[in-house]
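Open the model in your viewer and keep the selection tool ready. We will go stop by stop.

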Amino acid sequence: MESLLQEQPTSLPAASQASSLIAELDPEIRAAILDVDRTLILLSLQQSPWNRLRSASRMMQTLAKIRDAASSQRR
Amino acid sequence: MQRHPSAADLPALLARLCDAGVEFIIVGGAAAVIHGAPITTSDLDIVHRRTPENVARLLEVLLQLDATMRYDLANRGLRPTAEMLAGRGQVNLSTSLGPLDPLCELDEGTGYDELLPRSESVVDEGRTLRVLDLPTLIAVKAKVGRPKDRMMLPILVATLEERSKLGG
């Protein structure tokens, strides 16, 4: 089914909110923001919200299977 | 041996709740994912409206999903109740579609009605989801301050910045 994305803007402009939120964070976190791989965010934003949820779930379910397999091998 | 999956099937859980007419706001990692943050999460956190009718709708879905209390060390298979869901606490459940945590309040005195102005509606594939807005999610994670929340903060802030650049 075609995606009908309607993400409503928040009540305040997002850019000004971002700057005030960042200013309140501690320096370690502010420094880590620069290290975030933004290409992954842009790839995620290209998907519809439901597809983002599907991708995240598939990833987590795969990790859970690997973890279960690893723990059964250790027993 | 665990009966239920350890990772949530987020689309399936949300579809069940939406289709049953449950009123809720998505918070936590699933909200971050919907906003475009490239993260994973193993559970679904929601803040539900605590009217008797909505609690009844939520409870019906939970029982259909074979929900039991997750932190029951004696493994008695305790079921959620309407009283729990109408209270003020956090209910950690294991379901046939993975972990689901209905939160009566996100913070003391901050329930569904208080969060509603800080949420966005997202319409996709014919369903409407209500999600905590990204600035509020960042503020909540910063306030909670647990290591796992702090680790997520840089990604959430970067996501907010990228969305702002795109005009969202």
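A residue is buried if 20 or more other C-beta atoms lie within 10 Å of its own, exposed if 12 or fewer, and partly exposed in between, with C-beta atoms placed from the backbone. This is a predicted model, in which local features need pLDDT of at least 70 and side-chain atom pairs count only at pLDDT 80 or more, while totals for chains, interfaces and linings use all residues. Residues are numbered from 1 along each chain as its sequence is written, and chains are lettered from A and ligands numbered from 1 in the order in which they are written.

**Stop 1: chain A.** Select chain A. Of its 75 residues, 15% are buried. It has four helices and zero strands. Helices (H or I, at least four residues) and strands (E, at least two) are DSSP runs, numbered from the N terminus.

**Stop 2: strand β5 of chain B.** Select residues 98-103 of chain B. Five of these six residues are buried, so strand β5 is largely enclosed by the rest of the structure. Now add residues 44-48, strand β2 of chain B: it runs parallel to β5(B), joined by four bridges. Two strands pair if DSSP finds at least two bridges between them. Find Ile46(B), which faces Pro102(B) in β5(B). Next add β4(B), residues 93-95, which pairs with β5(B) in the antiparallel sense over three bridges. Here Thr95(B) is opposite Gly98(B). Two residues separate β4(B) from β5(B) in this hairpin.

**Stop 3: helix α6 of chain B.** Select residues 134-144. The buried residues include Leu134(B), Leu137(B) and Lys141(B). Just past the helix, Gly145(B) has a positive phi of about 70 degrees.

**Stop 4: where the chains meet.** Show both chains. In contact are 42 residues of chain B and 38 residues of chain A; contact means C-beta atoms, placed from the backbone, within 7 Å. Which element gives the most to the side of chain B that touches chain A? Select α7(B): it gives twelve residues.

**Stop 5: two crossing helices.** Keep α7(B) and add α3(A), residues 38-45. Their axes come within 10 Å and cross at roughly 60 degrees. Axes are lines fitted to C-alpha atoms, for helices over the stretch in contact, and angles run from 0 to 180 degrees between N-to-C directions. The two helices are therefore oblique to each other (under 35 degrees is roughly parallel, over 145 roughly antiparallel, 65 to 115 roughly perpendicular, the rest oblique). Finish on the residues that meet: Arg38(A), Ile41(A), Leu42(A) and Leu45(A) on α3(A), with Ala158(B), Thr159(B), Glu162(B) and Arg163(B) on α7(B).

Conventions. Two residues are in contact if their C-beta atoms, placed from the backbone, lie within 7 Å.
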